[in-house]
Amino acid sequence: MLFLYREVLGIQLPWLDDLVHAKTPVRLPVVFTRDEVRAVFARMDGEPRLMATLLYGCGLRLLECCRLRVKDIDFGRNQITVRRGKGDKDRATMLPLSIKSELATHLERVRLQHQRDLVAVAGWVDLPDALARKLPNAGREWPWQWVFPATRHYVERETGQKRRHHLHETVVQHAVRRAVLASGIPKRATCHTFRHSFATHLLEDGSDIRTVQELLGHKDVATTMIYTHVLNRGPAGVRSPADRLLGG
């Protein structure tokens, strides 16, 4: 409203100069324990389980995981590059060693599927920005393919290209929801809970908060500081006096 009056309509409203903006209340995130993470993974399989492992092992947001392309996975450096994440920023995070083999096997299946698509005059994917004009054939090249492609094709109206979208995020959301319910975890957990757990468990293991900030892609370290309040050592690592009195 201030922008409308001051910049568009050119009307000065001096009585609004001291206006105090309402602040969004801070909510503590829901975090899994390590045993709860294992319990959820034990009740998942296939691509949803692999994707959930990446959410927890890399601190990815769900859409960041869905939009991974083959070229973003660097097995040699054990690194995953997140392109155009929140705030349109790129960042790098680790590739968990425990799933390298499984992820490589998955990508080999995707490569064979892509080769079949090429034979069927398909194999196209959507490209960001104006790359489709700059690199007209890149949409069929292997590096640009989705790591987790959809099971069906669609025809892009303007070009007539037979494409695959990435796997829809609801597939993972529903799988995680079913696994959480089946494991009996009494928490309102979602796919994003894996990202919260990634940050919390790294801090519990002694990782530097600035490092965690970079891995999560937070602009301000104050955003990352929220995870210091949910460590299993209690707020700020202080021991409860009840534990000293009762021997807990």
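**Group meeting: a surface patch, a sheet and a hairpin**

Hi everyone, let's start at the surface: Met1, Phe3, Leu4, Val8, Leu9 and Ile11 make a nonpolar patch of about 630 Å². Please keep in mind that this is a predicted model.

Let me pick out one member of that patch, Leu4. Leu4 lies in helix α1, which covers residues 2-8. Is Leu4 buried, partly exposed or exposed? Its relative accessible area is 36%, so Leu4 counts as partly exposed. That value also fits the patch, because patch residues need over 30% relative accessible area.

Now, on to the strands. As a quick reminder, strands of a sheet pair through backbone hydrogen bonds, either parallel or antiparallel. Here we have an open sheet of 3 strands in the order β1-β2-β3, and the pairing is antiparallel. At the edges sit β1 (73-74) and β3 (91-94), each of which pairs on one side only. How many bridges link β2 and β3? Strand β2, residues 79-82, pairs with β3 over 4 bridges, in the antiparallel sense. If you'd like a spot to look at on your screen, find Val82, which stands opposite Arg91 in β3.

Last stop, further along the chain: strand β4 (residues 149-155) and strand β5 (residues 162-166) run antiparallel and are joined by 4 bridges. One pair to look for is His153 with its bridge partner Arg164 in β5. Together, β4 and β5 form a hairpin, with 6 residues between them. Which residue in the turn has a positive phi? That's Gly160, at about 75°.

Thanks, everyone, and I'm happy to go back to any of these views.

Definitions and conventions. Residues are numbered from 1 along each chain as its sequence is written. This is a predicted model: local features need pLDDT of at least 70, side-chain atom pairs count only at pLDDT 80 or more; totals for chains, interfaces and linings use all residues. Side-chain values use heavy atoms; hydrogens and water are left out. Two strands pair if DSSP finds at least two bridges between them. Helices (H or I, at least four residues) and strands (E, at least two) are DSSP runs, numbered from the N terminus. Patches are made of residues with over 30% relative accessible area and no salt bridge: like charges are joined within 9 Å, nonpolar side chains (Val, Leu, Ile, Met, Phe, Trp, Tyr) within 5 Å. Accessible areas come from the Shrake-Rupley method with a 1.4 Å probe; for residues, only the protein chains shown count as cover. A salt bridge is a side-chain nitrogen of Lys or Arg within 4 Å of a carboxyl oxygen of Asp or Glu. Buried means under 20% relative accessible area, exposed over 50%, partly exposed in between (1.4 Å probe, protein chains only).
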